[in-house]
Amino acid sequence: MSVLVLEDVTKTYPGGVFALRGVSMAVERGEMVAIVGPSGSGKSTMLHVIGTLDRPSTGTVRVDGHDVSRLSDRQLSALRASRIGFVFQQFHLASGVPALDNVADGLLYSGVRQRERRRRAAAALTRVGLGHRLDHRPHQMSGGERQRVAIARAVVGEPALLLADEPTGNLDTASGAAVMELLHELHASGTTIVVITHDREIAAALPRQVRMRDGQVVSEGVVALSAARPSEPGGTA
Ligand SMILES: Nc1ncnc2c1ncn2[C@@H]1O[C@H](COP(=O)(O)OP(=O)(O)OP(=O)(O)O)[C@@H](O)[C@H]1O
Ligand SMILES: [Mg+2]
């Protein structure tokens, strides 16, 4: 089943900005997709609409089978909290709060008790290679480490869909590569991922690329699995 379906989605901002002009696409479970395109082409707008942070002006968005236009704001928040993980260029961690709690807060609305939230948060941090940094505050960590905390928080609830908007945009090449390696690992273990990037190399290493221009999808590319990443078990994309 498709995790995500967009049908003829438009987004118009006040002042006559046509940020999305009829976007249709589907993302299947287990896919890893790069969204690429020039600045202002509508990539972040599309990610916000996909992530139910924003409603489309017209058209249909279906996340994990739910038509989001039929959901109330409260139901939408619940869907977002349980099915979608977000990673942003600016990390968006709570400052002064230990990594463990930053990640555990990703489960705040899940109904999981605090003790179990912290246990799962520690496991998620270990998974991203930060098992030795549980008590570090964001200002005590490198940019790459902060982004890995953000990824741990995004995936701790095992979302159906992980959305990342320029996750390597604030990182040096080596840290960015480590973050992408982590996203590839999550993909290999079954997570569905949509990642915006303007980095051609990063995009080329992903199994599928969606190119945007002026609010529309202008082309799609699928890199052969064998050419994508030799280390992956393959078969899902
Ligand atoms: N809140 C808003 N109000 C009005 N116009 C907006 C708003 N947000 C975005 N836009 C406009 O919508 C268009 C698409 O913006 P968007 O942020 O989706 O681009 P992008 O592809 O993510 O660009 P970048 O690569 O620079 O991040 C742009 O022309 C932008 O100016
Ligand atoms: Mg953007």
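Visitor: Hi! Are helix 5 and helix 6 roughly parallel or roughly perpendicular to each other?

Guide: Roughly parallel: their axes cross at roughly 20° and come within 9 Å, and angles under 35 degrees count as roughly parallel, over 145 as roughly antiparallel, 65 to 115 as roughly perpendicular and the rest as oblique. This is a predicted model, where local features need pLDDT of at least 70, side-chain atom pairs count only at pLDDT 80 or more, and totals for chains, interfaces and linings use all residues. Residues are numbered from 1 along each chain as its sequence is written, chains are lettered from A and ligands numbered from 1 in written order, and side-chain values use heavy atoms, without hydrogens and water.

Visitor: Which residues of helix 5 and helix 6 make the contact?

Guide: Helix 5 brings Gly 144, Gln 147, Arg 148, Ile 151 and Val 155, and helix 6 brings Ser 175, Val 179, Leu 182, Leu 183 and Leu 186 (contact means heavy atoms within 4.5 Å).

Visitor: New topic: what is the strand order in the open sheet of 4 strands?

Guide: The order is 2-1-4-5, with antiparallel pairing; strands are DSSP runs (E, at least two residues), and helices are runs of H or I, at least four. Two strands pair if DSSP finds at least two bridges between them. Strand 2 (17–28) and strand 5 (66–67) are at the edges with a single partner strand each, so one side of each has no neighbour in the sheet.

Visitor: How many bridges join strand 1 to strand 2?

Guide: There are 9, and Tyr 13 sits opposite Val 17.

Visitor: And how many salt bridges does the structure hold?

Guide: It holds 12, counting a side-chain nitrogen of Lys or Arg within 4 Å of a carboxyl oxygen of Asp or Glu. One of them joins Arg 208 and Glu 31 at 2.8 Å, N to O, a pair 177 residues apart in the chain.

Key
Axes are lines fitted to C-alpha atoms, for helices over the stretch in contact, and angles run from 0 to 180 degrees between N-to-C directions.
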